[in-house]
Amino acid sequence: ARELIQRHPSLAFAVLEKEQEPAHHQSGHNSGVIHSGIYYTPGSLKAKLCVQGAALCYKYCDQKGIPYKQCGKLIVAVEQDEIPRLKALYERGLQNNVPGLKLIGAKEIQEKEPFCRGLMALDSPYTGIVDYKQVAQSYARDFQEAGGTILTDFEVTNMEMAKESSAESEDGLKYPVIVRNKKGEEISCGHILTCAGLHSDRLSQISGCSPEPRIVPFRGDYLVLKPEKSYLVKGNIYPVPNPRFPFLGFHFTPRMDGSIWLGPNAVLAFKREGYKLLDFSPGDFLDAVTYSGLWKLVLRNVSYGLGELYRAFSLSAQVRQLQKFIPEVTTNDVLRGPSGVRAQALDSEGNLVDDFVFDGGSGAVGSRVLHVRNAPSPAATSSLAIAAAIADEAQRRFQL
Ligand SMILES: Cc1cc2nc3c(=O)[nH]c(=O)nc-3n(C[C@H](O)[C@H](O)[C@H](O)COP(=O)(O)OP(=O)(O)OC[C@H]3O[C@@H](n4cnc5c(N)ncnc54)[C@H](O)[C@@H]3O)c2cc1C
């Protein structure tokens with residue numbers, strides 16, 4: 001919205017948000033890492049928009065005085081068989097033009113992270129941390145200062161074309177789409193852009209576009225190091241990713257408030273916005289378990305899924321994972337922390353949709369909508385670059 005209003009100051013824009021504030025869900029419940037763009041398939045939107053987005057994010061924070069720390073990140077191989085994958089990751093990072101990458105050995109690992117053990121690490125000094133809620137609030141302020149309207153407590157439940165009488169009037173021709181909320185309030189507009197995270201498939205369906213890929217919620221729980229143990233971690237420490245689940249893997253992440261978060265794990269959530277272990281929504285649960293794509297994913301990964309579930313309940317199992325990197329960490333040093341829920345897009349064959357997806361549809365309303373169908377990590381890092389890509393696409397589709 002910020003990008004569009006800056007490009008088209010003569011058009012009227014409104015953001016409709018179902019919560020009382022912006023960034024209440026994924027954008028305000030994440031690890032807070034400014035990713036440098038190492039992991040992603042060269043040439044993919046993720047690779048391109050992450051590298052651009054990280055540079056834009058640092059620049060934006062400098063302009064707005066938003067605090068961040070460029071504290072770097074080590075991806076650490078602790079087993080011999082991880083080394084070839086680590087080297088491949090280094091090559092990939094170079095292809096993606098990630099600045100400053102280098103492979104380092106055990107001695108240099110200890111120089112950077114005195115309590116971390118490892119055989120080899122990929123050192124990414126460009127990686128940083130920031131509070132994305134603060135960043136999102138700043139985007140919202142920019143948007144409002146440029147004349148945009150933010151309507152909170154506005155849960156969109158319906159989109160349809162205006163009835164003929166109003167469509168014939170001048171305003172009806174200009175704003176032929178009616179968007180309604182739960183309370184029956186409505187807004188008329190010419191075009192719609194959705195960015196609904198955990199509900200992106202539902203909003204797509206409401207507009208007459210495809211419900212697939214569907215969103216399956218995966219909760220990620222964090223542990224927090226007790227403050228007196230924060231000295232154990234200086235920057236981000238990550239494992240070598242499992243190629244089957246590149247977005248998983250417990251990591252050590254310093255936060256802007258000085259605390260250290262550990263995690264997150266990934267367990268199927270029984271509620272799309274369920275931040276607690278036992279949160280349950282019958283509708284969301286039914287939606288998930290009646291989707292063939294989820295069953296295909298689960299059946300292919302039963303042992304991994306059960307392992308994650310076990311670790312979600314067992315503190316000592318989680319700590320054992322962390323001890324591979326920092327053996328000094330014990331169960332007495334950690335507390336259960338906050339959680340986030342990932343909007344994981346899944347196709348009907350059970351494949352995780354990896355890249356960012358921006359797409360519209362056909363039909364009266366569908367052709368006037370552009371949906372952000374999939375914006376998983378690192379979409380917070382990439383947000384300004386994503387905004388430019390979406391604004392380009394909106395201009396092309398809607399001839400703005
Ligand atoms: C645990 C976790 C850790 C992560 N760590 C990182 C990280 O370190 N770095 C990084 O770059 N990325 C990270 N990410 C990813 C990043 O946070 C997300 O990709 C990004 O925030 C997605 O933004 P979004 O606007 O698409 O979704 P959201 O932030 O979820 O926003 C969607 C909004 O749509 C609103 N909405 C939904 N339905 C409706 C409706 N019907 N009517 C009106 N409003 C509606 C919601 O209330 C919400 O405000 C992480 C994500 C998670 C979950």
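Here are some worked exercises that walk you through parts of this structure.

The model is predicted, so local features need pLDDT of at least 70 and side-chain atom pairs count only at pLDDT 80 or more, while totals for chains, interfaces and linings use all residues. Residues are numbered from 1 along each chain as its sequence is written.

**Exercise 1. Helix H13**

Task: Find the span of helix H13 (residues 383-398), and say which of its residues are buried and what covers them.

Solution:
- Start with the naming: helices (H or I, at least four residues) and strands (E, at least two) are DSSP runs, numbered from the N terminus.
- Next, the span. The expected value is 1.5 Å times one less than the number of residues. For the 16 residues of H13 this gives 22 Å, and the end C-alpha atoms are 21 Å apart, which agrees.
- Now burial. A residue is buried if 20 or more other C-beta atoms lie within 10 Å of its own, exposed if 12 or fewer, and partly exposed in between, with C-beta atoms placed from the backbone. In H13 the buried residues are Ser-383, Leu-384, Ala-385, Ile-386, Ala-387, Ile-390, Ala-391 and Ala-394.
- A useful background point: an α-helix has 3.6 residues a turn, so residues three or four places apart point the same way.
- Then look at the cover. It includes helices H1 (2-7) and H2 (45-64), along with strands E12 (192-194), E19 (357-359) and E20 (369-374).
- Last, step past the end of the helix: Gln-399, just after H13, has a positive phi of about 50 degrees.

**Exercise 2. H13 and its neighbours**

Task: Describe how H13 meets H2, and how H13 lies on the strands E12, E19 and E20.

Solution:
- Take H2 to begin with. Its axis and that of H13 come within 6 Å and cross at roughly 115 degrees. Axes here are lines fitted to C-alpha atoms, for helices over the stretch in contact, and angles run from 0 to 180 degrees between N-to-C directions.
- H2 brings Leu-49, Gln-52, Gly-53, Leu-56, Cys-57 and Tyr-60 to this contact, and H13 brings Ser-383, Leu-384, Ala-385, Ile-386 and Ala-389. Contact means that the C-beta atoms of two residues, placed from the backbone, lie within 7 Å.
- Sorted by class, there are eight nonpolar, three polar and no charged residues in the contact of H2 with H13. Ala, Val, Leu, Ile, Met, Phe, Trp, Tyr, Cys and Pro count as nonpolar, Asp, Glu, Lys and Arg as charged, and the others, Gly among them, as polar.
- Turn to the strands: H13 lies across E12, E19 and E20, and runs at about 145 degrees to E20.
- These three strands form an open sheet in the order E12-E20-E19, with mixed pairing. E12 and E19 are the edge strands, each pairing on one side only. Strands pair if DSSP finds at least two bridges between them.
- Within the sheet, E19 and E20 are antiparallel over three bridges, and Asp-359 stands opposite His-371 in E20.

**Exercise 3. Strand E6**

Task: Is strand E6 (residues 120-124) enclosed or open, and which strands pair with E6?

Solution:
- Count the buried residues: five of the five in E6 are buried, so the strand is largely enclosed by the rest of the structure.
- Check both faces. Met-120, Leu-122 and Ser-124 are on one side, Ala-121 and Asp-123 on the other, and all are buried.
- One partner is E4 (residues 73-77), antiparallel to E6 over five bridges; here Val-76 has Ala-121 as its bridge partner.
- Another is E5 (residues 102-105), also antiparallel to E6, over four bridges; Gly-105 stands opposite Met-120.

**Exercise 4. The ligand shell**

Task: Which residues come nearest to the ligand, and what classes make up the shell?

Solution:
- There are 36 residues around the ligand, and Asn-30, Ser-31, Gly-197, Gly-340 and Ala-379 come nearest. A residue is near a molecule or strand if its C-beta atom, placed from the backbone, lies within 6 Å of it.
- Strand E18 (residues 334-346) gives the most to the shell, with three residues.
- By class, the shell divides into 16 nonpolar, 15 polar and five charged residues.
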